[in-house]
Amino acid sequence: MNETFKFLKENTQVNYVSTINEGKPSCRPFGDPILYDNKIYVITNKHKNVSKQIEKDNHVCIVAYDDTNWIRINCELIDDSNNMEVKQAMIDEFDWAIEAGYTLDNPEFQVLYIANADSTIYDEEGEIISQYNF
């Protein structure tokens, strides 16, 4: 899990999350994750389509590229929005969070963690460099 987090947090600026939208794939950029309580968390807003799609089917694929290698993470995103400690950790991590409306009293503020992950890092030729399950 730590290598997956490091790749997403340190090696890339944007991670792409794919969901299913009415039977079709849908992909969008996500920002930095955080590591909290031995879990990788991402942030979104419950009014966004991505949140609604994850609520219907939380199986997602996350892909990112660092100009040399790339990662594919097939996983589930688990809603942990009742966890005020992780929400505060998100606010503390990102100086833009409060200005963007991510406050503890905002019921739309959603945090999700990666679970049941199959994470694979590849080189530019598509050869597997490393694999992780967590």
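**Cysteines, a capped helix and a pocket in a predicted model**

The sulfur of Cys-61 finds its closest cysteine sulfur in Cys-75, at 7.7 Å, which is too far for a bond. The structure examined here is a predicted model, and the cysteines are a friendly place to begin reading it. A disulfide is a covalent bond between the sulfur atoms of two cysteines. Two sulfur atoms must lie within 2.5 Å to be counted as such a pair, and by this rule the count comes to 0 disulfides. Cys-27 is likewise in no disulfide, since the nearest cysteine sulfur, in Cys-61, is 8.2 Å away. The surroundings of these residues can be described as well: Cys-61 is buried, because its relative accessible area is 17% and the limit for buried is under 20%. Cys-27, with a relative accessible area of 47%, is partly exposed.

Attention now turns to helix α3, which spans residues 84-93. Its buried residues are Val-86, Lys-87, Ala-89, Met-90 and Ile-91. Three strands receive the packing of these buried residues: β3 (34-36), β4 (39-45) and β7 (109-122). At the N-terminal end of α3, Asn-83 acts as a cap, with a side-chain oxygen 3.1 Å from the backbone nitrogen of Glu-85.

The loop that runs between α3 and β7 holds Leu-104. This leucine counts as partly exposed because its relative accessibility is 36%. In sequence, Leu-104 and Asn-83 are 21 residues apart, while their C-alpha atoms are 9.9 Å apart in space. Which residues does Leu-104 contact, leaving aside neighbours within four places in sequence? They are Met-84, Lys-87, Gln-88 and Ile-91.

A different kind of feature is the empty space between atoms. Rolling a probe the size of a water molecule over the atoms shows where empty space is left. In this model, the largest pocket holds about 190 Å³ of space. Its lining includes Arg-28, Pro-29 and Phe-30, along with Gly-31 and Asp-32. Ile-43, Thr-44, Lys-48 and Val-50 are also among the lining residues, as are Phe-94, Trp-96 and Tyr-102. By character, the lining divides into 7 nonpolar, 2 polar and 3 charged residues. Strands β2 (24-30) and β4 each supply at least two residues of this lining, and the largest share, 3 residues, comes from β2.

The loops between strands offer some further details. Between β5 (59-65) and β6 (70-79) lies a loop that contains Asn-69. Is Asn-69 buried or exposed? With a relative accessibility of 18%, Asn-69 counts as buried. Not counting residues up to four places away in sequence, Asn-69 touches Phe-7, Ala-64, Ile-121, Tyr-122, Asp-123, Glu-124 and Ile-129.

Asp-67 also has its place in the loop between β5 and β6. Asp-67 is exposed, however, with a relative accessible area of 62%. Its backbone deserves a look too: phi of Asp-67 is positive, about 75°, although this residue is not a glycine. Asp-37, in the loop between β3 and β4, likewise has a positive phi, near 55°, in a residue other than glycine. At 57% relative accessibility, Asp-37 counts as exposed, because the limit for that class is over 50%.

Key:
Residues are numbered from 1 along each chain as its sequence is written. This is a predicted model: local features need pLDDT of at least 70, side-chain atom pairs count only at pLDDT 80 or more; totals for chains, interfaces and linings use all residues. Side-chain values use heavy atoms; hydrogens and water are left out. Buried means under 20% relative accessible area, exposed over 50%, partly exposed in between (1.4 Å probe, protein chains only). Helices (H or I, at least four residues) and strands (E, at least two) are DSSP runs, numbered from the N terminus. Contact means heavy atoms within 4.5 Å. A polar contact is a pair of N or O atoms within 3.5 Å; within protein, one must be able to donate a hydrogen and the other to accept it, and residues adjacent in sequence count only if both atoms are side-chain atoms. On a 1 Å grid over the protein atoms alone, a cavity is a set of points where a 1.4 Å probe fits but cannot get out, and a pocket is an open set with protein on both sides within 12 Å along at least five of seven lines; lining residues have an atom within 4 Å of a point. Grid points are joined across faces, edges and corners, and a volume is the space filled by probe spheres set on the points. Ala, Val, Leu, Ile, Met, Phe, Trp, Tyr, Cys and Pro count as nonpolar, Asp, Glu, Lys and Arg as charged, and the others, Gly among them, as polar.
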